[in-house]
Amino acid sequence: MHREKSQIIPAGWIAAQRANQSGKRLSTFNFLGFTCYWGKMRKGGWRLKFTSRKDRFASKLKGLREFLWKRLSSDRVQTLKRAIRGIKGWINYHGITDNQGRVRQFILQGKRTIHRWLNRQGGKGYLSWGKLVKILKVLAYPESWKTVSMFRSHRTYVGTRVYREPDAVIPQVRF
């Protein structure tokens, strides 16, 4: 292990409860594109929560803007289909428990970026938000997504053997 990249941090619901009682918060850490932090559940207990990293969120939106602006004179439909495919990929990866707000924000910011791009075509007139929504609906722009639970069991029990479903992704966080 690399000493500068690794550190021992206090973690666990007991450490989170102690930090809260002393008026502090446990430190966050980044793992696989997510910022991990300790937060309260609705039932009152503490658990590990996830949100998309701010720097990667911003860089993906910046990449979307650059992609669209490089293709101002390209075929609009094909360019939009490729951009929507990239947006769906980001949503599929980041659509997990505790990250609904960030995914919702990404969908909105992506839509705003596409709106600005279509209105920068020059001399074609203004595209209203209502027309944009209709166009994006035809091109299957994501308005909703499936949130994958990070805490529900993804195992199928058959007899005494445990079989994992092939599409189940269970991240393991080690401290």
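Me: Which helix holds Val133?
Reply: This is a predicted model. In this model, Val133 falls within residues 129–138. That stretch is helix 5.

Me: Is Val133 buried, partly exposed or exposed?
Reply: Buried would need a relative accessible area under 20%, and exposed one over 50%. Val133 has 33% relative accessibility, so Val133 is partly exposed.

Me: Which residues make a nonpolar surface patch with Val133?
Reply: The patch covers about 230 Å². Besides Val133, its members are Leu108 and Trp129.

Me: In what order do the helices and strands follow one another from the N terminus?
Reply: The protein chain has 5 helices and 5 strands. From the N terminus on, the order is α-β-β-β-α-α-α-α-β-β.

Me: What share of the residues in the protein chain is buried?
Reply: The protein chain has 175 residues. Its accessible surface comes to about 12,600 Å², with 51% of that belonging to carbon and sulfur atoms. The buried share of the residues is 33%.

Me: Which residues of the largest nonpolar core touch the most other members?
Reply: Nonpolar side chains tend to be buried together in soluble globular proteins. The largest nonpolar core here has 22 residues. The members that touch the most others are Leu68, Ile87, Ile91, Phe106, Ile114, Leu118 and Tyr141.

Me: Which helices each supply at least two residues of this core?
Reply: The contributions come from several parts of the chain, including residues 54–70, 76–94 and 100–119. These are helix 2, helix 3 and helix 4, and the list is completed by helix 5.

Me: How many residues are in the second, separate core?
Reply: Ile9, Ala19, Phe34 and Trp38 are among the members of this second core. The core is separate, and its number of residues is 13.

Me: Which residues does Phe106 contact, leaving aside neighbours within four places in sequence?
Reply: Phe106 is one of the residues that touch the most other members of the largest nonpolar core. Its contacts beyond four places in sequence include Ile87, Ile91 and Tyr141, which are also on that list. In full, Phe106 is in contact with Phe57, Lys60, Leu61, Ile87, Trp90, Ile91 and Tyr141.

Me: What distance separates the C-alpha atoms of Gln109 and Leu61?
Reply: Gln109 is in helix 4, and its relative accessible area of 21% makes it partly exposed. Gln109 and Leu61 are 48 residues apart along the chain. Their C-alpha atoms are separated by 7.6 Å.

Me: How many salt bridges does a search of the whole structure find?
Reply: Side chains of opposite charge can pair when their charged atoms come close. One such pair is Arg47 with Asp98, another is Asp55 with Arg53, and another is Glu143 with Lys111. The search finds 3.

Me: How many residues apart are Arg47 and Asp98?
Reply: The two side chains meet in a salt bridge with an N to O distance of 2.8 Å. Arg47 lies in strand 3, and Asp98 lies in the loop between helix 3 and helix 4. The pair links distant parts of the chain, 51 residues apart.

Me: Is Arg53 buried or exposed?
Reply: Arg53 sits in the loop between strand 3 and helix 2. Beyond four places in sequence, Arg53 touches Asn30, Gly33, Phe34, Thr35 and Arg102. Its salt-bridge partner Asp55 is partly exposed, with a relative accessible area of 45%. Arg53 itself has 16% relative accessibility, which is under the 20% limit, so Arg53 is buried.

Me: In the salt bridge of Glu143 and Lys111, how far apart are the closest N and O atoms?
Reply: Glu143 is exposed at 52% relative accessibility, whereas Lys111 is buried at 8%. Glu143 is in the loop between helix 5 and strand 4, and Lys111 is in helix 4. Their closest N and O atoms are 2.7 Å apart.

Me: Which element has the lowest mean pLDDT?
Reply: The mean pLDDT of the protein chain is 81. Over residues 155–175, pLDDT stays under 50. Where pLDDT is low, the predicted coordinates should not be read in detail. Helix 2 has the highest mean among the elements, at 95, and the lowest, at 38, belongs to strand 5.

Notes: Residues numbered from 1 in each chain as written. Predicted model: local features only at pLDDT ≥ 70, side-chain atom pairs only at ≥ 80, totals over all residues. Heavy atoms only, no water. Patch = residues over 30% accessible without salt bridge, like charges linked within 9 Å, V, L, I, M, F, W, Y side chains within 5 Å. Areas by Shrake-Rupley, 256 points an atom, 1.4 Å probe, with all protein chains shown as cover. Salt bridge = Lys/Arg side-chain N within 4 Å of Asp/Glu carboxyl O. Helix = DSSP H or I, 4+ residues; strand = E, 2+ residues; numbered from the N terminus. Buried < 20%, exposed > 50% of the residue type's maximum accessible area, 1.4 Å probe, protein only. Core = buried A, V, L, I, M, F, W, Y, C linked by side-chain atoms within 4.5 Å. Contact = heavy atoms within 4.5 Å. pLDDT = per-residue confidence, 0-100.
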